Amino acid sequence: NTAGAVGFDSNSDGAIDPGEPQVAVTTTAAGAIPAGITLTVPVVTPAIYPVRADIPLGGSVEASANFTVSTPSLTLSPITGAAGTVISVTGSNFALNTAGVVGYDSNGNGAIDAGEPQVAVTTTAAGAIPGGIFLTVPAVAPGAYQVLTDIPVGLPVEAVASFTIPSPSVTLNPITGVPGRVITITGSGFAPNTAGAVGFDSNGDGAIDPGEPQVAVTTTAAGAIPAGI
């Protein structure tokens, strides 16, 4: 039957300070904290924090328990592909029911800038990025890029994941032969679902000219030259 307080020790100084999440409690006749006492976790850096009980008020706290604020995480599918690839974005351990943004960091400056591919999101009641969030890879040079998650909005970003744009490549089979030999061509790292051509550069001028052996192709959804070319 004693009045006191329970609080989230945001600064881990061993006390329940003004401004930290806290709630007044009065223990039961059996010395228990009554049912229905709740605290809301504040916006703090992921780490382990004490929740402290000061009953009766004053002096040292009588009991504490630890609460872990989890590190936000971001997952991409796929994690590699050419310009035009559509990335499915999922994630967890963000602030609950909170608006933010997911974006493709095209210029590598660690921020989601105006003009970069991005999409607004609002996390679920469990702190997850909801299903159905997609980004389209922009037309940028091959290399490693980051997808950033800023929830809630404001620097620094809360989570990042890497996406790689590979250099386009082709493979020939065979790689040597006589005139009239049929070459099978495979390749990857091209823009997905995109029409183009593959050709034999007979005059070595770096282009596929009219009259040179060539075939029209349309890449797959994964940016590959389809089988049978």
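In which sense do strand E5 (residues 73–77) and E6 pair, and over how many bridges? They pair in the antiparallel sense over five bridges. This is a predicted model, in which local features need pLDDT of at least 70, side-chain atom pairs count only at pLDDT 80 or more, and totals for chains, interfaces and linings use all residues. Residues are numbered from 1 along each chain as its sequence is written, and side-chain values use heavy atoms, with hydrogens and water left out.

Let us stay with E6 for a moment. Strands here are DSSP runs of at least two residues, numbered from the N terminus, and two strands pair if DSSP finds at least two bridges between them. In the pairing with E5, leucine 74 stands opposite glycine 91 of E6. E6 is also joined to strand E9 (residues 134–136) by three bridges, again running antiparallel, and there isoleucine 87 faces leucine 135.

In a regular strand the side chains alternate between the two faces of the sheet. Strand E6 (residues 86–92) shows this: Ile87, Val89 and Gly91 point to one face and are buried, while Val86, Ser88, Thr90 and Ser92 point to the other and are not. Buried means under 20% relative accessible area, exposed over 50%, and partly exposed in between, with a 1.4 Å probe and protein chains only.

Elsewhere, four strands form an open antiparallel sheet in the order E2-E1-E3-E4. Its edge strands, E2 (22–26) and E4 (63–69), each pair on one side only. Within the sheet, strand E1 (residues 3–8) and strand E3 (residues 47–54) run antiparallel and are joined by four bridges, with phenylalanine 8 opposite valine 51.

Now for the pockets. On a 1 Å grid over the protein atoms alone, a pocket is an open set of points where a 1.4 Å probe fits, with protein on both sides within 12 Å along at least five of seven lines; lining residues have an atom within 4 Å of a point. A volume is the space filled by probe spheres set on the points, which are joined across faces, edges and corners.

| Pocket | Volume | Lining | Nearest the centre |
|---|---|---|---|
| Largest | About 620 Å³ | 25 residues | Val69, Ser70, Asn93, Phe94 and Ala95 |
| Second largest | About 530 Å³ | 20 residues | Ile183, Ile185, Gly199, Phe200 and Pro213 |

Finally, alanine 114 sits in the loop between strand E7 (99–105) and strand E8 (118–122). Alanine 114 counts as exposed because its relative accessibility is 80%. Its C-alpha atom is separated by 53 Å from that of glycine 180, 66 residues apart along the chain.
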